[in-house]
Amino acid sequence: MRASTVLLCGVVLIQVFAAQIDAKSSRSPWQTLSGDAPLVIARGGFSGLFPDSSSVAYKFAKQTSVAGTVLWCDVQLTKDGHGICFPDLKLNNASNIGDLFPNRQNFYPVNGVTSQGWFTIDFSLRDLKNASLIRGIFSRSEKFDGNGYSILTVQDVSMQIKPESFWLNIQHDAFYAQHNLSISSFLISASRTVSIDYISSPKLNFFSKVKGRFWRNEPSFVFQFLGKEEFEPTTKRTYGSILSNLTYVKTFASGILVPKSYILPLDDKQYLLPPTFLVQDAHKAGLQLYVSGFANDVDIAYNYSFDPVSEYLSFVDNGYFSVDGVLSDFPITASASIDCFSHIGRNARKQMDFLVITKNGASGDYPGCTDLAYEKAIEDGADVIDCSVKMSSDGKPFCSSSIDLTQSTMVIQSPFRNRSTIIPDISSDPGIYTFNLTWPEIQSLTPAIMNPYRSYNMFRNPNEKNSGRIISLSEFLHLANKSTSIYGVLISVEYVVYLREKQGLDVVKAVLDTLTETGYSNGTSTTKVMIQSTHSSVLVDFKKKSKYETVYKVEETIRDISDSAIEDIKKFANAVVIGKSSVFPDVGSFVTGQTNVVERLRKSKLPVYVELFQNEFVSQPYDFCSDATVEINTYITGAGINGTITEFPLTASRYKRNQCLGRKETPSYMSPIKPGILLSLANPRSLPPAEAPYPVFTEDDVTESPQPPGTEKSPSSSTNAQTHRPSGQTRLTLSLRLSVFASLLLL
């Protein structure tokens, strides 16, 4: 199938998810130089969340990472020769130094280029006593700034944090030497009281200054490669050219540190190219190879579908090589990738039982509700694939993520663009609706992938943004029935009253007839059928006419649900769908607590499915560490939900085989987050005002008038825009954008 080959190119597809990996003539499953698991190196601690090199960042890294995690410190020197852990030689990049000393910025040449700022060499350690650390990357949260996190010395980190392994990185040895400061002398002196396990630098001559001079056991020396076109000042050669002489590097270093692109390069569209042989070459030369640049909140190759775990696995568990360590801003993800998700195959025993339900198929990778989206979802291990049923003007039920075709297709660029109309019962904005076109006309349309985070400049799989074809409900059911891995189908039905009363189209009848025609009603198919709606009256109607399971979707975000509402729901539904915030409410992108909605529904024997799970880190509160797997874990093991509704089924499906869940003691990096913990660490002054509490869901929210009987109407009346809101559809709240604007968003 095409969906099995398009997303990941050639060799890399095999590498990322190789299920049948052997250690090849080695007892260790790891293909590192030593045969041990790759190191997790926490850059500045947990710097993806907290200010780099702060005490909270280092402590959080230790608490949430695999045993043996290495704490990384970028060493800078003060004017009185003290070594501090700070990400840059300019203090203004990650501290409030400018507020304390507004007139003490300076100009210095750095690597041949004059730079302006507050340099460490202009301040004594005493001067920095009242300075505090803040975020150094402006795209990250400012919520932890202003908490007074002190600048730490190398000795502070060693004594207060007590790292299991300590890595000191030296970027600017030559700069400090120009100002009569010796970073090598500092290191030799510090080694008397500080256990230093690794020292790295991008300067070759630096190693000759320190090698053989340490008081204790000599640390491992690691040569850091910068950009391939940048020049190493000692040799005047580019870093790319030095790669050709790794045997020389071995004479002064035991390892090398390289950017990710040295191993898995990207093309100009941000898709993976075939891997290089650098890892194998380094191991052949006897060098450990460490990789830098891992962060959950930055763009990664589109091949990974915004899933950082997939990226880590492509470097550590690909069937061809394993790097010896990863330098990460989010060590929790690196830890889980290495310890929980490496060396497990697609057929490995499931450690957790819940349903992976799709949202318009694998709509994070392909246009939703297309053949490719469904094929990818099946391949990725979805348990239940879904079809949101819409109707064409000639009565054909088909799958579409939106009743307005401008939201899910390129209809605005088709000959049907003049069929735009405003229908107040659906939206105050103009749209080109499914019931305005015949099925053959709809089949001719080009689908479009949804980009819900376009405002963040995040786009889904651009190479396939218009791939696939729109399929009918009948085709969808046949596809599911052919699959041996699919447990069930979820058919979502909305706009029933409007379509019956105003368009003469009976969605309920169309769905039931199609299920009968495709063998789902006579026992021929073993695939479970679930019918979902936000309207109780629709589900009551289905219950009267069939024996399929029904799923009630609660549109509102709620903080609780009354006993009477639960009893009412049980009369017509077999399961309930709620939103993520109805489980873990949040404010200002922080989880504030946990409701008892899931617990109450499950006690009443109603399974709970939660939506919407997405891989993009901007879709998650900070508590989930910009990692969809952390989020899924918290909802499954922390809240006990019965199923995830997701646009990226591979991430949820892989989680089921998480080998850390099968242990007697669950490691910290696979423990659910504790609601409110991260909020308590945020600066209170940076948080928005408290919001009004979510409502309690009551029986009145459930009860609806019975569905009216269908009235035959000619499809030609479909453009009648002046209609009243029909009864029995009191919570129709879908908000649609202007058709032209929406179409532009899909490009």
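Contact here means heavy atoms within 4.5 Å. The model is predicted.

**Exercise 1. Helix α22**

Task: Determine how many residues of helix α22 are buried, and which elements cover them.

Solution. Step 1: a residue counts as buried when its relative accessible area is under 20%. Step 2: helix α22 spans residues 649–656, and eight of its eight residues are buried. They are P649, L650, T651, A652, S653, R654, Y655 and K656. Step 3: the cover over these buried residues includes the helices α11 (308–316), α13 (371–379) and α21 (628–638), along with β14 (355–358) and β27 (643–646). Step 4: because eight of eight residues are buried, α22 is largely enclosed by the rest of the structure.

**Exercise 2. The disulfides**

Task: Find the disulfides, and state where the partners of each lie.

Solution. Step 1: a pair of cysteine sulfur atoms must be within 2.5 Å. By this rule there are three disulfides.

Step 2: C73 and C85 are one pair, with sulfur atoms 2.1 Å apart. C73 belongs to strand β2 (residues 70–77) and C85 to strand β3 (residues 83–85), so the bond ties together parts twelve residues apart in sequence. The torsion about the S-S bond is -105°, a left-handed link. Both C73 and C85 are buried.

Step 3: C340 is joined to C660, S to S 2.0 Å. C340 is in helix α12 (residues 331–340), while C660 is in the loop between α22 and α23 (677–681); the two are 320 residues apart. The torsion is about -90°, so this disulfide is left-handed. C340 and C660 are both buried.

Step 4: C387 is joined to C399, again with a distance of 2.0 Å from S to S. This pair links strand β15 (residues 384–391), which holds C387, to strand β16 (residues 397–399), which holds C399; the cysteines are twelve residues apart. At -110° about the S-S bond, the link of C387 and C399 is left-handed. Both cysteines are buried.

Step 5: with the bonded cysteines numbered in sequence order, the pairing reads 1-2, 3-6, 4-5.

**Exercise 3. Two further cysteines**

Task: Explain why C369 is not bonded to C399, and state how far C625 is from the nearest cysteine sulfur.

Solution. Step 1: the cysteine sulfur closest to that of C369 is in C399, at 5.6 Å, which is too far for a bond. C369 is buried, with a relative accessible area of 1%. Step 2: C625 is in no disulfide, and the nearest cysteine sulfur, that of C340, is 14 Å away. C625 also counts as buried, at 2% relative accessibility.

Note on methods. Residues numbered from 1 in each chain as written. Predicted model: local features only at pLDDT ≥ 70, side-chain atom pairs only at ≥ 80, totals over all residues. Heavy atoms only, no water. Buried < 20%, exposed > 50% of the residue type's maximum accessible area, 1.4 Å probe, protein only. Helix = DSSP H or I, 4+ residues; strand = E, 2+ residues; numbered from the N terminus.
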